[in-house]
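Thanks for coming. I have one structure to go through today, so let me put it on the screen.

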2 protein chains.
Amino acid sequence: MPEKTEYSPKMQKLVELAAELDDLNHISAVLGWDQHIYMPPGGAEERGLQLSALGRIMHEKFTSDEVGQLISELVEEVGDLNAETDEARMVKVSKRAYDKQTKVPLPLLMEFIQTTTMANETWVKAKEEANFSIFQPHLEKIVDLRQQYAELFKPYDHIYDPLLDDFEPGMKTAEVKEIFEQLRPQQVELIQAIAEKEPPDNSFLKQHYKEEYQEIIGRYVITRFGYDWNRGRLDVAPHPFTTEFGLGDVRITTRYLKDDAGSALFSTMHEAGHAMYGQGVPKKYSRHPLSGAASLAIHESQSRLWENLVGRSKEFWSFFYPSLQMLFPEYLANISEVDFYRGINRVEPSLIRVEADEATYNMHIMLRLEIEIGLMEDTMHVKDLPEIWNTRMKEYLGITPPDDAQGVLQDIHWSGGMIGYFPTYALGNLASVQLWDTMLKQHPNVPDEIAQGKFDTILGWMRENVHQYGSKYEPQEIMLKATGSKITPEPYIKYLKTKYGEIYNL
Amino acid sequence: MPEKTEYSPKMQKLVELAAELDDLNHISAVLGWDQHIYMPPGGAEERGLQLSALGRIMHEKFTSDEVGQLISELVEEVGDLNAETDEARMVKVSKRAYDKQTKVPLPLLMEFIQTTTMANETWVKAKEEANFSIFQPHLEKIVDLRQQYAELFKPYDHIYDPLLDDFEPGMKTAEVKEIFEQLRPQQVELIQAIAEKEPPDNSFLKQHYKEEYQEIIGRYVITRFGYDWNRGRLDVAPHPFTTEFGLGDVRITTRYLKDDAGSALFSTMHEAGHAMYGQGVPKKYSRHPLSGAASLAIHESQSRLWENLVGRSKEFWSFFYPSLQMLFPEYLANISEVDFYRGINRVEPSLIRVEADEATYNMHIMLRLEIEIGLMEDTMHVKDLPEIWNTRMKEYLGITPPDDAQGVLQDIHWSGGMIGYFPTYALGNLASVQLWDTMLKQHPNVPDEIAQGKFDTILGWMRENVHQYGSKYEPQEIMLKATGSKITPEPYIKYLKTKYGEIYNL
């Protein structure tokens, strides 16, 4: 059992409430994990009802007047909610969640749940048939409901703010726009420069690597990273994800493709990055108002750091490439380490976000952010999205989707009403390099350590500068504390230019 | 979606309450399934807290005065609770559950939970060390708490009645004692007669059969039985079990032993028997007061029927033996079908209940029932159990455990406070043959069908005579309806005598 902190009686009540909510949230996560991995088709209907029952119980427990009263009293008790004590922040995050949940009228919430449930079903069909028109009315309804939702949080600086804030506490649309405006021209320029060069060969990856051995190398790599198997496991799922059932059980999934050996390995490292964050939150925050993570962007900074800054680095492969060659001599015996490194870092403007390389990934996000802001501002309309999408894809990446399934319909997020989510992916990329650079300044030996298969310094630094805070600080506070600056695009741009400058001889 | 029955407004409230309770119970089942099969060790502590949180929520939801009021009003609304309408029985089973749950003072319930949690941990250790003395004080406490529990249900005919009733609604100690008293001498006589004969060879089973192929035959057999994979799955667990997450998701587990090929196959058939009962309850009883099964004995009648009456029959193997020989020629090529049949039906008095054959199994249960009744009546004392156990094992089965781990400590039940559970295993055996005989009278072709690998008639008959009722009727009502008689030992004795008479030339 963790050492228990002494709290005031009221604060203790808040802790107990948070503990129960955490339990129920983690129970939902178990149901979701099973649903995606093991549930037989016949279980779907009842599982949905079980998840609703839990959701209803959580909503009732947390939105009662009694809870509101407790939080008001605690606001008075702690005074400054932005003080750096645990107590102040426990009240701040609880108040934030309570205010958000109670501001939404139940009919609007129910309509949103029903609309997104149907929209999601239709999206699956629309994507299969590459038919945007059947999805269009659903998305129009979702945009309308998200606008109504945002209106509840007036006054705001921008109508997109309340949505963004659901995923990035405290982050403003203006901040993200500014970051992306700096990023866009430089990233476009880089992609164009790369496009003029001969791409490195990566055909050795586009083979059917034996699944069993892909799993062996994946497990080996993340074990060395420091993923704690006593508190986790790896399963196979159609779309890789990480899920937490508590500090003691943070699981990951991956998938093994028959025509792309990189997919499983890099996604395993990616998910392990998320999971090591979950495992790294201190035990005092287990079942506690400050459990969990700062934000999606901070989460993504951890996954991208292990996937890209570690997993696609020269040093990493100088250690691991011999093991990989041993497992797959039929494909790699004649591929040199340097050719392998160049191959896995090949830049290739592509239609699908989840398959994008480091150089082009953020362009996919910017496109989505522009559309989301346009929709919320009513300066864009759902019916025009396919055209807008295709035009900008051409402009940013030089390619045009052959159909909407590979264009505007590719991602699940909007069908679930998750407008405001996408920017966190790009912000996570930026944050990953920013954290990495700061760590390197303090620990210049890290690349040598990686080349020796040692990752303690990296994980230790992340534990100390990111994980240890749980959800105590907002994302920009974490970045300020850790790196001396809020999220900024310069380090990322510099990193891309240096890395690809060398690989592509720019 | 199932067709919804029209209920009175109050009845509808009861249905909604039952639906939520079913959801929460099934959620608990998902957590438990994962805990036994996939959870990493680090997840144990938080998982325990999650299950407690759910238990607390269910207790609160179901024991409120409001629920009591609703049930009282419904009792008046339906009048005779024993009427054969769904409505009457919905109220009857709800009232029964409500009365049971609210009769127990919360402090006693909490003490029972804490005691059994600690007792279970100690039992694991005691069994490992074959040291009864460390478990003794825990079991003494449990007996005391179970006695206190039973006292709450005064007046009773026998102090064991309230415990038995938790597992076998409506069943009385006197009924079970009478059944077992008829059974004991005849079963002892049979075992003694068998002991004088040369046992058939079964060494071909005590080999390391390839696990992958064991799984193939297991899946093949239960698929032919009619287990619905769209609403189920098979996993590996240390102790085989069946679990239900709703009518649409009824899962089973098995285990593959390195030195006993029979274990996985027969346990797979056994669990499939349980699961087909779960899958066979009609959809109108999904998330409903009459969801679930009549009792543990009726459940066990289904599992034992498929495992033994079907799975250990000559006809079954006349169909499946060629497939088994194909998979395992190294062990079975030279074993004739008849020798195989005799081998899997070898009778061998053994120390461990879960390994017992059909002829000796009930003796293990009778021993436990005598001890449970003795403890509850205070005519036996916990400290004397090892001696009582060993003396009666010698008397009933002619063998003496070398230590208490293989004797009185072998089963988990008592450490969890489950006194009253064991008799349901033997009652299930008796009921399985009684149902089987009735079915055979109506469908004398069944053995021929089995020999052709056809099981529709059997499953159809069970659906109609057992599964379709959910928990509407008490176990003895089901037996009366289906067979014209309450549970009686004669058919079972006759079955054993005929079967073993032939195998052993008695």
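I will take the symmetry, then the interface, then the salt bridges, and end with one buried residue.

First, a caveat: this is a predicted model.

On symmetry, chain A is superposed on chain B by a rotation of 180° with 0.0 Å of shift along its axis, at an RMSD of 0.0 Å. The two copies are thus related as by a two-fold rotation axis. Both copies use the same surface, in that 100% of the contact residues of chain A recur in chain B.

Next, the interface. How many residues does each chain bring to the contact? Chain A gives 42 residues and chain B gives 42 residues. The area buried between the two chains is about 3200 Å², and carbon and sulfur atoms give 56% of that. On the side of chain A, the residues that lose the most area to chain B are Y38(A), E46(A) and Q50(A), which together account for 17% of what that side buries.

As for polar interactions, the rule finds 18 residue pairs in polar contact across the interface of chain A and chain B, both residues being at pLDDT 80 or more. Which elements of chain A give two or more residues to the side that touches chain B? They are α1 (9–37) and α2 (44–62) of chain A. Of that side, α2(A) gives the most, with 11 residues. By residue class, the side of chain A that touches chain B divides into 18 nonpolar, 9 polar and 15 charged residues.

Now the salt bridges. In general, side chains of opposite charge can pair when their charged atoms come close. Over all chains, the structure holds 68 salt bridges. Between chain A and chain B the count is 6. One example across the interface is R47(B) with D249(A), at 3.7 Å from N to O.

Within chain A, the side chains of K499(A) and E358(A) meet in a salt bridge at 2.8 Å, N to O. This pair links distant parts of the chain, 141 residues apart: K499(A) is in helix α21 (residues 490–504), and E358(A) is in the loop between α14 (337–344) and α15 (361–377). Both K499(A) and E358(A) are buried.

In chain B, D411(B) and R353(B) form a salt bridge at 2.9 Å, N to O. D411(B) lies in the loop between α16 (385–397) and α17 (423–442) of chain B, and R353(B) in the loop between α14 (337–344) and α15, so this pair ties together parts that are 58 residues apart in sequence. D411(B) and R353(B) are both buried.

Also in chain B, E358(B) forms a salt bridge with K499(B), and their closest N and O atoms are 2.8 Å apart. Both of these residues are buried. There is a network as well: salt bridges that share partners join D34(A), R47(A), D249(B) and R251(B).

Last, a single residue, I371(B), which is found in helix α15 (residues 361–377) of chain B. Is I371(B) buried or exposed? I371(B) counts as buried, because its relative accessibility is 0% and the cut-off for buried is under 20%. Apart from neighbours within four places in sequence, I371(B) is in contact with M380(B), L385(B), I388(B), W389(B) and W414(B). For a longer distance, I371(B) and Y473(B) are 102 residues apart in sequence and 29 Å apart in space, C-alpha to C-alpha.

That is the end of my slides.

Note on methods: Residues are numbered from 1 along each chain as its sequence is written. Chains are lettered from A and ligands numbered from 1 in the order in which they are written. This is a predicted model: local features need pLDDT of at least 70, side-chain atom pairs count only at pLDDT 80 or more; totals for chains, interfaces and linings use all residues. Side-chain values use heavy atoms; hydrogens and water are left out. Copies are superposed by least squares on the C-alpha atoms of residues with pLDDT of at least 70 in both. Contact means heavy atoms within 4.5 Å. Buried area is the accessible area (1.4 Å probe) that two parts lose on being put together, summed over both. A salt bridge is a side-chain nitrogen of Lys or Arg within 4 Å of a carboxyl oxygen of Asp or Glu. A polar contact is a pair of N or O atoms within 3.5 Å; within protein, one must be able to donate a hydrogen and the other to accept it, and residues adjacent in sequence count only if both atoms are side-chain atoms. Helices (H or I, at least four residues) and strands (E, at least two) are DSSP runs, numbered from the N terminus. Ala, Val, Leu, Ile, Met, Phe, Trp, Tyr, Cys and Pro count as nonpolar, Asp, Glu, Lys and Arg as charged, and the others, Gly among them, as polar. Buried means under 20% relative accessible area, exposed over 50%, partly exposed in between (1.4 Å probe, protein chains only).
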